[in-house]
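Dear colleague,

I am handing over the structure below, and my notes on what was found in it follow. Please keep it open beside this message as you read.

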Amino acid sequence: MKPIVALVGRPNVGKSTLFNRLVGERVAIVDDVPGTTRDRLFGEAEWNGRSFRVIDTGGIDPTHGGKTPLSVGSADFIDDIRQQAQAAIREADAVLFINDGESGVTEPDLEVAKILRRAQTKRADGSFFPPIFLVVNKCENEERRHQAAEFYSMGLGEPYPISAIHGTSTGDLLDALLEALPQDEEEPEDDSVKIAIVGKPNAGKSSLLNKLAGEERVIVSAIAGTTRDSIDTKIQYEGIPVTLIDTAGIRKRGKIDQGVEQYSVLRAFKSIERADVALLVIDAVEGITVQDTHIAGYILDEWKSCVVLVNKWDAIEKNNETMEEYTKRIRRELNFMDYVPILFISAKTGQRVEQALPMALRVQEERLARLSTSMLNKIIHEAQDAHPHPTHAGRALKMYYGTQVRSDPPTFLIYVNEPSLMHFTYLRYLENQIRAMHPFIGTPIRLVSKGRREE
């Protein structure tokens, strides 16, 4: 698992700007209006050959309704700070505490620093975990960098004056950060099929887990967001070891509460990362929503296999066409995952739940399937004869041969005369031709073109 770095601090200190710089792309919304980031974003950063995950959080806002400032001792303010700080400490391997070098040390900053220090744990060697890096942003000139020395008063050690918008001194910060981060941990040997149960809150994930496991392994509640942690349940299914991973529900961006819940979402993404197959649970009563398509997108981003489970099917008034219409709607919304199987179930009554595990295991088999080189090249050449790649500026793409270089997920390497000529729509066409021969049910496949000199 990659180390996790959390960015915390009050609004408008430049957390989102630093986040965008670390992950190398404009992902977080940046605005001069305090509190623009209402949710939490994940990204992956790399420095000196090492990768780590970055979490951008909403600012800790010491105001009431955005108008009347609360006193530093206000219970609401302290509780809000404590929730965010403790959740960040609990989930992160390091914390970047962002401050504003323009405004200097403020009382809210001192309050956050106090709570962060208290939330750390002391190790046997005398060090504190997780390490907290005191980052002073908006230090665009020499005067500001000298003034950053006043942040020593916060009791968090050496301040790192930077300019997130210009990138000034961020390299020094990252060098120090890498020294403090743990090395990527090897996952313990586990030959079980890992199946993550994911979906938005209150879709019925915990009820489904209990049905699959055959006993009450987790608390089931009608209150959305009950599951905070990812919970592993080991079972045997027809002699096959299976690990079921129940996760906290993933809400739509902008709908994630500050504090503990936003970090519970992180656990859900971590569960997707270590799973083989994801069971995407959709609430049949609500229908497929934007949240569901976002979750499906995260599953695809991690190249994980997937089965869609439409839960609460018992609560739907049906006729002979209801299931077909529902399927068409899901296919339309998840058109980027048209290979996934769809099951209509009821975790409450048990309807068709017995089909979920066999389908997930079948999808896992497809994930590990391999095509022979001869079969793959037959598909490629027939596809090229039936529909040649369009020429570009008078130059034509030539495909020489292809081979499957790995499974989990299935990955195919196609040797061509010039990779830049390969259009993504043609790669999608080739993928459809491959699936026509071998469907790879529920599993994404990778197609990579590589240049090769013509003999």
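A residue is called buried here when its relative accessible area is under 20%, and, in this predicted model, S192 counts as buried because its relative accessibility is 7%. S192 is placed in the loop between α5 (170–180) and β11 (193–198), and its side chain makes a polar contact of 2.7 Å with the side chain of T243. If the neighbours within four places in sequence are left aside, S192 is in contact with K234, P241, V242, T243 and D276.

The next topic is the aromatic residues. A search of the whole structure finds 7 aromatic pairs, and one of them is formed by W313 and Y326, which meet edge-to-face with 5.3 Å from centre to centre and 85 degrees between the planes. Since W313 lies in the loop between β15 (305–311) and α9 (322–333) while Y326 belongs to helix α9, this pair ties together parts that are 13 residues apart in sequence. Both W313 and Y326 are buried.

Y326 also forms an edge-to-face pair with F344, at 6.0 Å from centre to centre and with 90 degrees between the planes. Here Y326 is in helix α9 and F344 in strand β16 (residues 342–344), so the pair ties together parts that are 18 residues apart in sequence. Y326 has a relative accessible area of 5% and is therefore buried, and F344, with a relative accessible area of 4%, is buried as well. Ring pairs thus link W313, Y326 and F344 into a cluster, and the charged end of R329 sits over the ring of Y326, 4.8 Å from the centre of that ring.

Some details of the backbone remain. A cis peptide bond joins F129 and P130, with omega at about -10 degrees, and P130 lies in the loop between β8 (128–129) and β9 (132–137). A cis peptide bond also joins D408 and P409, with omega at about 0 degrees; P409 lies in the loop between β17 (399–406) and β18 (411–416).

N202, although it is not a glycine, has a positive phi of about 65 degrees; N202 is found in the loop between β11 and α6 (205–213), and its relative accessible area of 35% makes it partly exposed. E238, likewise a residue other than glycine, has a positive phi near 50 degrees and is found in the loop between β12 (231–237) and β13 (240–246), where E238 is exposed, with a relative accessible area of 69%.

With kind regards

Key. Residues numbered from 1 in each chain as written. Predicted model: local features only at pLDDT ≥ 70, side-chain atom pairs only at ≥ 80, totals over all residues. Heavy atoms only, no water. Helix = DSSP H or I, 4+ residues; strand = E, 2+ residues; numbered from the N terminus. Buried < 20%, exposed > 50% of the residue type's maximum accessible area, 1.4 Å probe, protein only. Polar contact = N/O pair within 3.5 Å; in protein donor to acceptor, adjacent residues only side chain to side chain. Contact = heavy atoms within 4.5 Å. Phe/Tyr/Trp six-rings, centres within 6.5 Å; stacked < 30°, edge-to-face > 60°. Lys NZ or Arg CZ within 6 Å of the ring centre and 35° of its normal.
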